[in-house]
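Here are my notes on the model you sent over, set out point by point. Have the structure open as you read, since I hop between the overall picture and single residues.

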Amino acid sequence: PRTSEKTPRICQKLVEGLKRLSKSDPLVQCSTDKSGQHIIAGAGELHLEICLKDLKEEYMKGAGINVGNPVVSFAETVGERTGADGKHPETCVAKSPNKHNRLYMYAEPMDLELCKLIEDDEIKANDDAKLRARRLANEFKWDVNEARKIWTFGCPPDAKANVLVDASKGVQFLHEIKDHCVSAFMNATGGGVLADEVMRGIRFNIVDVTLHADTIHRGAGQIMPAARRVFYACQIASSPQMMEPMYLVDITVPQTAHSGVYSTLNARRGIIDKIEDRIGTPLTQIQAFLPVKESFGFTENLRKNTGGQAFPQMKFSHWQHVTGDPFSEGSASHQIILDTRKRKGMKDCLPDFKDYYDKI
């Protein structure tokens, strides 16, 4: 949940209180977001309730704080190669502010298995380039030459599962702009174009670059804005999608109370994965996947529906695509994007491809 203080004098108290809270409980992470609100991250709903209670009563000595609704982080990804829908061009172009440099790129989705390997640090940025390229070629059908020229992975810690690949042939001065492109890539993957959420599972390929002959005219101030624009243009042109985090819920429940568990899961878009009977006891173990967005109040509801007989445990499992096209009104992902943009104080309309794509 987010907390914001009522008066500036209490602000100091709140900061002190949050410091004490994070010292007393190693599982709590406190941070401040762009809008100046303090965010408390914990291991689950019950844990957060206890933390807030401690914060109010023990560490703040009863000073008032406003607690916002819990916030779920989403991720942005793409569904197909740039221009596969027929409406957008197959390669996106961006010009630098002085119109002397151009970057040509396209994006495509990455294999979800590969995303997981990168997130688990099985494949890292400082691995041996040739061995990594061989593995990508064998397991994920990458072109070996392109796999050797991975410039960087995404912005750590959350957006690591994106790659920037140099797929160009014989471009002059390209190595000089590498650092600027990497900086822009970190910036773009840390907050995508749809709702400023992290990107995940996108591979950007640099196809061609036209640069000015004079070094002064292709500095960071020229290349970085152009690179960011072309990353965003590629994202919009590649059937963008949202991803939501899913919990793996482990529910221990007597066989007599199954119906209560099923009805609670169905009401919250839960998907039952497997059901195992514990031999020699009347208990059953039900494993299900539940969207984190729907998990608030789940424990309470479950206990209500099963007469307090079910015990759920949750942990993060994986990311799942949100249904619907983000650009069609009324779809689930469209609503998520609008809500997130509103919360972050961004414009309450979706970005337009024309704002990021430069006609040549």
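1. The protein has eleven helices and 15 strands. Helices (H or I, at least four residues) and strands (E, at least two) are DSSP runs, numbered from the N terminus. Bear in mind that this is a predicted model, in which local features need pLDDT of at least 70, side-chain atom pairs count only at pLDDT 80 or more, and totals for chains, interfaces and linings use all residues. Residues are numbered from 1 along each chain as its sequence is written, and side-chain values use heavy atoms, with hydrogens and water left out.

2. Some overall numbers next. The C-alpha trace spans about 75 × 55 × 45 Å along its principal axes. Of the 360 residues, 46% are buried; buried means under 20% relative accessible area, exposed over 50%, and partly exposed in between (1.4 Å probe, protein chains only). The accessible surface comes to about 18,500 Å², and carbon and sulfur atoms account for 50% of that; these areas come from the Shrake-Rupley method with a 1.4 Å probe, and for residues only the protein chains shown count as cover.

3. How do the contacts spread along the chain? Among those between residues at least 6 apart in sequence, 72% join residues at least 24 apart. Contact here means heavy atoms within 4.5 Å.

4. Now to an open sheet of five strands, with the order S6-S7-S11-S9-S8 and mixed pairing. S6 and S8 (150–153) are its edge strands, each pairing on one side only. On average, neighbouring strands of this sheet are turned by 25° against each other, direction ignored. Two strands pair if DSSP finds at least two bridges between them, and axes are lines fitted to C-alpha atoms (for helices over the stretch in contact), with angles running from 0 to 180 degrees between N-to-C directions.

5. Strand S7 (residues 102–109) is worth a look. Six of its eight residues are buried, so S7 is largely enclosed by the rest of the structure. With strand S11 (residues 202–210), S7 pairs in the antiparallel sense over eight bridges; there, Tyr104 has Asp208 as its bridge partner.

6. On to strand S6 (residues 92–95), which pairs with S7 in the antiparallel sense over four bridges. Cys92 is opposite Met105, and Lys95 is opposite Arg102. The two strands form a hairpin with six residues between them, and Lys99 in the turn has a positive phi of about 65°.

7. Is S6, an edge strand, covered on one face or both? Both: Cys92 and Ala94 on one side, and Val93 and Lys95 on the other, are all buried. As background, side chains in a regular strand alternate between the two faces of the sheet.

8. At the other edge, S8 and strand S9 (residues 163–166) pair in the antiparallel sense over three bridges, with Phe153 opposite Val163. Pro157 sits in the loop between S8 and S9, and a cis peptide bond joins Pro156 to Pro157, with omega about 0°.

9. Helix H6 (residues 178–190) lies across S8, S9 and S11, running at about 30° to S8. Cys181 lies in H6. Anyone thinking about this cysteine should note that Cys181 is buried, with a relative accessible area of 0%. Leaving out residues up to four places away in sequence, Cys181 touches Trp151, Leu164, Ile223 and Phe231.

10. There is another hairpin, made by strand S2 (residues 29–32) and strand S3 (residues 38–41), which pair in the antiparallel sense over four bridges. Ser31 is opposite Ile39. Five residues lie between S2 and S3, and Gly36 in the turn has a positive phi of about 85°.

11. Which residues other than glycine have a positive phi? Two to look up are Asp121, at about 65°, and Ser239, near 50°. Asp121 is in the loop between helix H3 (112–119) and helix H4 (129–140) and is partly exposed, with a relative accessible area of 38%. Ser239 is in the loop between helix H7 (220–237) and strand S12 (240–254), and counts as partly exposed at 22% relative accessibility.
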